[in-house]
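Got your viewer open? Let's take a walk through the side chains, one selection at a time.

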Amino acid sequence: MTLNEGRRVRLAADTRLTDWVAMTEGPSAGTGAVAGSLSLAAGTEGTVVRVVEHDLQTPESREYERLKSLLDAFGAGMPTESRKQLEEKVAGLEPAWIAYRAQPLRVTVGVRFDNGFILDDAHEDLFVPA
């Protein structure tokens with residue numbers, strides 16, 4: 001499902017949220033402790049307030065894209081040896097490009113629920129249209 005800001009959604013499943021805090025005082029100083037947990041019931045409705053598409057492109061796949069573009073645009077006019085070197089570099093980076101293209105786009109959202117809670121950086125698959 002593609003989510004957009006302003007779209008009404010509901011939680012698809014019960015969701016438990018837990019957070020840790022660093023203790024700075026007392027006998028547990030320097031350790032982590034559970035601050036608490038909150039459970040949101042499936043069906044809790046809210047509005048999407050933020051959508052973030054995470055591009056997980058690696059430096060190798062980015063370099064492939066850059067060099068491939070150069071080869072396509074200027075390869076025909078390049079000296080033979082230079083073109084051959086560029087083709088070899090592109091071929092060496094192609095597996096990284098293929099792996100990058102095979103990855104699904106990761107989308108996270110921020111949702112303001114009707115009860116006032118805000119769930120941020122949640123995977124879009126946690127929600128269904130309301």
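Two rings of Phe, Tyr or Trp (its six-membered ring) make an aromatic pair if their centres lie within 6.5 Å. Searching the whole structure, which is a predicted model, turns up three aromatic pairs.

**Stop 1: Tyr64 and Trp97**

Select Tyr64 and Trp97 and show their side chains. How far apart are the ring centres of Tyr64 and Trp97, and at what angle do the planes sit? The centres are 5.3 Å apart and the planes are at 25°, so this pair is stacked. Now colour the helices: Tyr64 belongs to helix α1, while Trp97 sits in helix α2 (residues 80-102). That makes this a link between distant parts of the chain, with 33 residues separating the two.

Are these side chains buried or exposed? Tyr64 has a relative accessible area of 8%, so it is buried. Trp97 is buried as well, at 18%; the cut-off for buried is under 20%. Before moving on, add Tyr100 to your selection: ring pairs link Tyr64, Trp97 and Tyr100 into a cluster.

**Stop 2: Phe113 and Phe127**

Next, pick Phe113 and Phe127. Their rings form a tilted aromatic pair, with 6.4 Å from centre to centre and 35° between the planes. Phe113 is in strand β5 and Phe127 in strand β7 (residues 127-129), so the pair ties together parts of the chain 14 residues apart in sequence. Both rings belong to buried residues: Phe113 has a relative accessibility of 2%, and Phe127 has 3%.

**Stop 3: Arg8 and its partners**

Time to switch from rings to charges. How many salt bridges does a search of the whole structure find? There are eight.

Start with Arg8 and Glu45. They form a salt bridge whose closest N and O atoms are 3.2 Å apart. Follow the backbone from one to the other: Glu45 is in strand β4 (residues 45-54) and Arg8 in strand β1 (residues 8-11), so to speak two distant parts of the chain, 37 residues apart. Glu45 is partly exposed at 27% relative accessibility, and Arg8 is partly exposed at 32%.

Keep Arg8 selected and add Asp114. The side chains of Arg8 and Asp114 meet in a salt bridge too, at 2.8 Å from N to O. Where does Asp114 lie? Look in the loop between β5 (106-113) and β6 (118-123); with Arg8 in strand β1, the pair ties together parts that are 106 residues apart in sequence. Asp114 is exposed, its relative accessible area being 53%.

**Stop 4: Glu63 and Arg66**

Now go to helix α1 (residues 59-74) and select Glu63 and Arg66. Their side chains meet in a salt bridge, 2.8 Å from N to O. Why are they about one helical turn apart? Because they are three residues apart in the helix. Glu63 is partly exposed, with 28% relative accessibility, and Arg66 is partly exposed with a relative accessible area of 44%.

**Last stop: the network**

To finish, select Arg8, Arg10, Glu45 and Asp114 together. Salt bridges that share partners join these four residues into one network.

Notes. Residues are numbered from 1 along each chain as its sequence is written. This is a predicted model: local features need pLDDT of at least 70, side-chain atom pairs count only at pLDDT 80 or more; totals for chains, interfaces and linings use all residues. Side-chain values use heavy atoms; hydrogens and water are left out. Helices (H or I, at least four residues) and strands (E, at least two) are DSSP runs, numbered from the N terminus. Buried means under 20% relative accessible area, exposed over 50%, partly exposed in between (1.4 Å probe, protein chains only). Rings of Phe, Tyr and Trp (its six-membered ring) pair if their centres lie within 6.5 Å; planes under 30 degrees apart count as stacked, over 60 as edge-to-face and the rest as tilted.
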